[in-house]
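Me: I am in my first year and would like a close look at a single part of this structure. Could you take me slowly through one residue and its surroundings, and then show how the neighbouring parts are arranged?

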Amino acid sequence: MKAVAYDVKTNFLIWRVCVWGGPIFLVAMLGCWAGLGKFFPPPPSYWSADDLVAFYSGNNLQIRAGMVGVMFFGAFYLLWSSVLSRIIQRIEGPEGVLANIELMGGVTTTMVV
């Protein structure tokens, strides 16, 4: 039985979608974390504990929404990492180890995010 292969257009489309995962991750992560989550710039170091409590209590819903966005868009890093792993594998050949390290690092980073 002959294996069914993707046609060239489908394969190219899948690669393009995965490559766009990197820029989407970067922009959305910074937007959700820094913009929506209010983590940039960080609260000043001279704030008292009461100031910090007021900041986090007053922005509770916005910070949570930003962190949900970070968790959602974190999956796009895995797409990017898988493409990088395949490119490294093509450069190294089948006996290379760096492609596996890249893929494991991408999976671990996605889980941490």
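Reply: Let us begin with Phe40, which counts as exposed because its relative accessibility is 59%, and the cut-off for that word is over 50%. Please keep in mind that this is a predicted model, and that everything described below is read from that prediction.

Phe40 lies in the loop between α1 and α2, where helix α1 covers residues 8-36 and α2 covers residues 49-58. Leaving aside residues up to four places away in sequence, Phe40 touches Trp33 and Ala34. A further link leads back to Leu30, since the two residues are 10 places apart along the chain and their C-alpha atoms are separated by 9.3 Å.

Leu30 itself is found in helix α1, and it counts as partly exposed because its relative accessibility is 48%, a value that falls between the cut-offs of 20% and 50%. What do Phe40 and Leu30 form together with Leu26, Val27 and Trp33? These five residues form a nonpolar patch on the surface, and together they have about 550 Å² of accessible area.

The loop that holds Phe40 has two other details that deserve a careful look. The peptide bond that runs from Phe40 to Pro41 is cis, with an omega angle near -5°, and Pro41 is found in the loop between α1 and α2 as well. Lys38, whose place is also in the loop between α1 and α2, has a positive phi of about 60° although it is not a glycine. Lys38 counts as partly exposed, because its relative accessibility is 32%.

From this loop we can turn to helix α3, which covers residues 60-73, and compare three of its residues. Is Ile63, which lies in this helix, buried or exposed? Ile63 is buried, because its relative accessible area is 10% and the cut-off for being buried is under 20%. Not counting residues up to four places away in sequence, Ile63 touches Leu36, Gly37, Phe39 and Tyr56. Tyr46, by contrast, is 17 residues from Ile63 along the chain, and the C-alpha atoms of the two are separated by 21 Å.

Phe73 is found in α3 too, and its C-alpha atom is separated by 15 Å from that of Ile63, which is 10 residues away along the chain. With a relative accessibility of 23%, Phe73 counts as partly exposed. When residues up to four places away in sequence are again left out, Phe73 touches Ile24, Phe25, Ala28 and Cys32. Phe72, which also lies in helix α3, is exposed, with a relative accessible area of 53%. Between Phe72 and Val83, which are 11 residues apart in sequence, the distance from C-alpha to C-alpha is 19 Å.

Finally, we can look at a pair of helices further along the chain. Helix α4 (residues 76-92) and helix α5 (residues 98-112) have axes that come within 8 Å and cross at roughly 175°. The two helices are therefore roughly antiparallel to each other, because the cut-off for that description is an angle over 145 degrees. On the side of α4, the residues that make the contact include Tyr77, Leu78, Leu84 and Ile88, while those of α5 include Leu98, Ala99, Leu103 and Val107.

Note on methods. Residues are numbered from 1 along each chain as its sequence is written. This is a predicted model: local features need pLDDT of at least 70, side-chain atom pairs count only at pLDDT 80 or more; totals for chains, interfaces and linings use all residues. Side-chain values use heavy atoms; hydrogens and water are left out. Helices (H or I, at least four residues) and strands (E, at least two) are DSSP runs, numbered from the N terminus. Buried means under 20% relative accessible area, exposed over 50%, partly exposed in between (1.4 Å probe, protein chains only). Contact means heavy atoms within 4.5 Å. Patches are made of residues with over 30% relative accessible area and no salt bridge: like charges are joined within 9 Å, nonpolar side chains (Val, Leu, Ile, Met, Phe, Trp, Tyr) within 5 Å. Accessible areas come from the Shrake-Rupley method with a 1.4 Å probe; for residues, only the protein chains shown count as cover. A salt bridge is a side-chain nitrogen of Lys or Arg within 4 Å of a carboxyl oxygen of Asp or Glu. Axes are lines fitted to C-alpha atoms, for helices over the stretch in contact, and angles run from 0 to 180 degrees between N-to-C directions. Angles under 35 degrees count as roughly parallel, over 145 as roughly antiparallel, 65 to 115 as roughly perpendicular and the rest as oblique.
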